[in-house]
Amino acid sequence: MEGKLSEEHMKLMLAAWKMAPRVTRLDDQLLAVLELYERFPLDVVVTGGIPEANARLARAVCGLSDEDHFLTVEQEEEEDDDEEDESDESEEEQEQGDMSEAGTERGETAGHRHKNGRMVWRTEHGLPMVSHPNIPNVRIWVLNEQPASYTNSPNHTGFVYDLLVVLTSELHQEDHMGLVMALREKDQPLYLVRADREVDLVKEELKGPCKTCAWERMRDRNLEIQRRRRERQMTQDSQDGPHKLEEMKDIGGVLLSVLPEMRKKAFCQFMVDVSQELKVPKLLRNNTKSTILPAVDSGKVTKEDIEHVSDFLQAKDLVNHPSRLLSILNAMETFRLDVGVLGPTGGGSSSFVNALLGLKGGDKGAAPTGVTETTMEPVAYQYPQLPNVALWDLPGIGRVGGLSSAALAVGPMEDGPLASALHPTCDVYILLSPLRLGMDCVRLLHHVSATEKQCYLVLSKADQLDEESVGEVKRWSEEVLSQLGYQQTVYAVSALQPEGMDFSKFTETLHLSISCNKRRAFAQHTAKMLEQEIWDKRTELCKTM
């Protein structure tokens, strides 16, 4: 099916893979890597200030204001217990009929306030950590010590961080030049954030038996600061210095636009590093420079993840250069998942599409419905709840409009009307069968299952049955399918009454499985495209030479 990828991303991906050797089982490799990327977190470390200042910086990185408070895990559990108590009280009040509505409203308000309004601090590996509220798979860690200690050993805390955000000032930013150069050599990003006050920065402590030497160092330090201040007042240079200082109030917006891209680049480089490490025998590996061990310790990946991808990572087919994997991740963002809705003519497929779109027959943008055959050609509709997902209203099975006498001779499955009903080829199918399971629906399920595509079974027009009959039909249908070797959940819906029966349950199941289905479909589509556009053409070119 054309147009599943944007032209720009397709060209960039083909350019990155132009010189790549033919890869066997590329679809399986891509699927394994994409599943790992789905869980891969970007680790951001904030440091440079006193604990209170670092906490404010963490809030700013999350895009929150000082009025937004964090909860500890203990406080969250206490609020959850309070909500449960309020919920129990409200249930008792409802049974008694006294102020049940007010009690329910109080419980919902409290739950919304702490789950969506406030973030929860968690302590892992001895460091406070909070997840970014707006960007998935981004962890914010707080390091309450001198950031200069990162210069020589950036991974000394036991985990690999991907981005460092340091609180500093114009007078102190030159102190971080060693840190800037060290991270630049590692191609790791660094952000320096201007502190609101000088007292928010970590100061040198008086250590050692000789306090006089420590005081002399502090005096020399203050003289150096005064000298820098005089030089800045005398110079007319308007530049911020060797490394740009971001404002505390702006850092959240700055990172919001770059963190998703940083996560992709960090993952690609991580996979390259892991691939290089896995090529070395275990007995010869240098654990002090390991990428895998600190990643496992910090929860970036699990040992099972490494074992799962180790077979093809050692072959260096997919991750011998980060640009190839990065082109894959960028292309996936624009990949369109096609969901086909198919059933017998008159079975309510178009009405079901409208129910999924949140429309009624006759609304603007709705699929045409009627008492006669209305869907004669496949029509795609953009799914409003999910980006890059198209709902295809496919022509019904058993159409007689425009039928010729020659078409009455039905051939085998491959040549008959059931095979043509699956065109254009979609990534996911929703098979409708009115009232109860039919033979055509079972044959279609068998045909789709052979292609390893996700398929859902829906009994339409279930509003024509009473509640007891609906349950009986669902049980009977699932038993029949089980006898045929299909463990399939059957949903009973009414497109005219989408708020009832299994419609909400079905849409929830569909939405939760979209990411998984998109990864699988994208891996298959990409492997097929690279095979046709690069390796097959390269083979044909070699034959002509």
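How many aromatic pairs does the structure hold? Before I answer, please keep in mind that what we are looking at is a predicted model. The structure holds 9 aromatic pairs, and I would like to take you through two of them.

For the pair of tryptophan 17 and tryptophan 535, the ring centres are 6.5 Å apart and the planes stand at 80 degrees, and because planes over 60 degrees apart count as edge-to-face, that is how we describe this pair. If you follow the chain, you will find tryptophan 17 in the loop between α1 (7-16) and α2 (26-39), whereas tryptophan 535 belongs to helix α17 (residues 514-544), so that the pair links distant parts of the chain, 518 residues apart. Are these two tryptophans buried or exposed? Both tryptophan 17 and tryptophan 535 are buried.

The other pair is phenylalanine 335 with phenylalanine 522, whose ring centres lie 5.4 Å apart with planes at 70 degrees, so this pair is edge-to-face. Phenylalanine 335 sits in the loop between α11 (322-332) and β9 (337-342), while phenylalanine 522 is in helix α17, and the pair therefore ties together parts that are 187 residues apart in sequence. Both of these phenylalanines, 335 and 522, are buried.

Aromatic residues also gather in a group here, since Phe352, Tyr456, Tyr491, Phe503 and Phe506 form one aromatic cluster.

Let me turn, finally, to the surface, where Asp466, Glu467, Glu468 and Glu472 come together in a patch of negative charge. One of them, glutamate 468, is part of helix α15 (residues 467-483), and because its relative accessibility is 66%, with the cut-off set at over 50%, glutamate 468 counts as exposed.

Definitions and conventions. Residues are numbered from 1 along each chain as its sequence is written. This is a predicted model: local features need pLDDT of at least 70, side-chain atom pairs count only at pLDDT 80 or more; totals for chains, interfaces and linings use all residues. Side-chain values use heavy atoms; hydrogens and water are left out. Patches are made of residues with over 30% relative accessible area and no salt bridge: like charges are joined within 9 Å, nonpolar side chains (Val, Leu, Ile, Met, Phe, Trp, Tyr) within 5 Å. Accessible areas come from the Shrake-Rupley method with a 1.4 Å probe; for residues, only the protein chains shown count as cover. A salt bridge is a side-chain nitrogen of Lys or Arg within 4 Å of a carboxyl oxygen of Asp or Glu. Lys and Arg count as positive and Asp and Glu as negative; His and the chain ends are not counted. The place of a charge is taken as NZ of Lys, CZ of Arg, CG of Asp or CD of Glu. Helices (H or I, at least four residues) and strands (E, at least two) are DSSP runs, numbered from the N terminus. Buried means under 20% relative accessible area, exposed over 50%, partly exposed in between (1.4 Å probe, protein chains only). Rings of Phe, Tyr and Trp (its six-membered ring) pair if their centres lie within 6.5 Å; planes under 30 degrees apart count as stacked, over 60 as edge-to-face and the rest as tilted.
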